[in-house]
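Here are my notes on the model you passed along, set out as numbered points. Please read them with the coordinates open.

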Amino acid sequence: MKKGAKRQKYGPEYRRGYVPPPPPEAAVCTRSEKCVGCPYPGSGFICWSESGDCMRTRMEKLQNRKEENR
């Protein structure tokens, strides 16, 4: 490449009329009614257990323990 020459970009995002794909939809758990509005369904973990607890209820229990220990 000659010094001072511009590099040509060939990727699809540099072409005229390119429309990027929409972002993927967020994961939503529908296992129970408690799942509505849960901040943890997209965490990548299985958010529920056989005992009926879920990640949201476990985090709430941990928060309550912290507040009790203060």
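1. Helices, taken as H or I, and strands, taken as E, are DSSP runs of at least four and at least two residues respectively, numbered from the N terminus. On that footing the protein, which is a predicted model, has one helix and zero strands. The helix is H1, spanning 55-69, and several of the points below concern the segment before H1, where both Thr-30 and Pro-39 are placed.

2. As to burial and contacts, 10% of the 70 residues of the protein count as buried. Among contacts between residues at least 6 apart in sequence, 0% join residues at least 24 apart, a value to keep in mind when reading the separations in the next point.

3. Two pairs in sequence and space deserve a look. Thr-30, which is exposed with a relative accessible area of 69%, stands eleven residues from Pro-41 in sequence, and the C-alpha to C-alpha separation of Thr-30 and Pro-41 is 9.4 Å. Pro-39, likewise in the exposed class at 62% relative accessibility, is 16 residues from Met-55 in sequence, with 9.5 Å between the C-alpha atoms of Pro-39 and Met-55.

4. How many disulfides does a search of the whole structure find? The search returns zero. Cys-38 is in no disulfide, its nearest cysteine sulfur being that of Cys-54 at 5.8 Å, and Cys-54 is in no disulfide either, with the sulfur of Cys-38 as its nearest at 5.8 Å. Because a disulfide here requires a pair of cysteine sulfur atoms within 2.5 Å, the 5.8 Å between the sulfurs of Cys-38 and Cys-54 does not qualify. Both residues fall in the buried class, Cys-38 with a relative accessible area of 17% and Cys-54 with 11%.

5. Which residues line the largest cavity? The lining consists of Cys-29, Lys-34, Cys-35, Cys-38, Cys-47 and Cys-54, so that the two cysteines of the previous point, Cys-38 and Cys-54, appear in it. By class, the lining has five nonpolar, no polar and one charged residues; the charged one is Lys-34, because Lys counts as charged whereas Cys counts as nonpolar. The volume of the largest cavity is about 40 Å³, and the count of cavities of 30 Å³ or more comes to one.

6. Turning to charged side chains, a search of the whole structure finds one salt bridge. The side chains involved are those of Asp-53 and Lys-61, with an N to O distance of 3.2 Å, and this pair qualifies because the cut-off is 4 Å. Are the two partners buried or exposed? Each is partly exposed: Asp-53 has a relative accessible area of 23%, while Lys-61 is at 42%. Since the helix H1 spans 55-69, a reader following the bridge in the viewer may begin from Lys-61 and look across to Asp-53.

Terms used:
Residues are numbered from 1 along each chain as its sequence is written. This is a predicted model: local features need pLDDT of at least 70, side-chain atom pairs count only at pLDDT 80 or more; totals for chains, interfaces and linings use all residues. Side-chain values use heavy atoms; hydrogens and water are left out. Buried means under 20% relative accessible area, exposed over 50%, partly exposed in between (1.4 Å probe, protein chains only). On a 1 Å grid over the protein atoms alone, a cavity is a set of points where a 1.4 Å probe fits but cannot get out, and a pocket is an open set with protein on both sides within 12 Å along at least five of seven lines; lining residues have an atom within 4 Å of a point. Grid points are joined across faces, edges and corners, and a volume is the space filled by probe spheres set on the points. Contact means heavy atoms within 4.5 Å.
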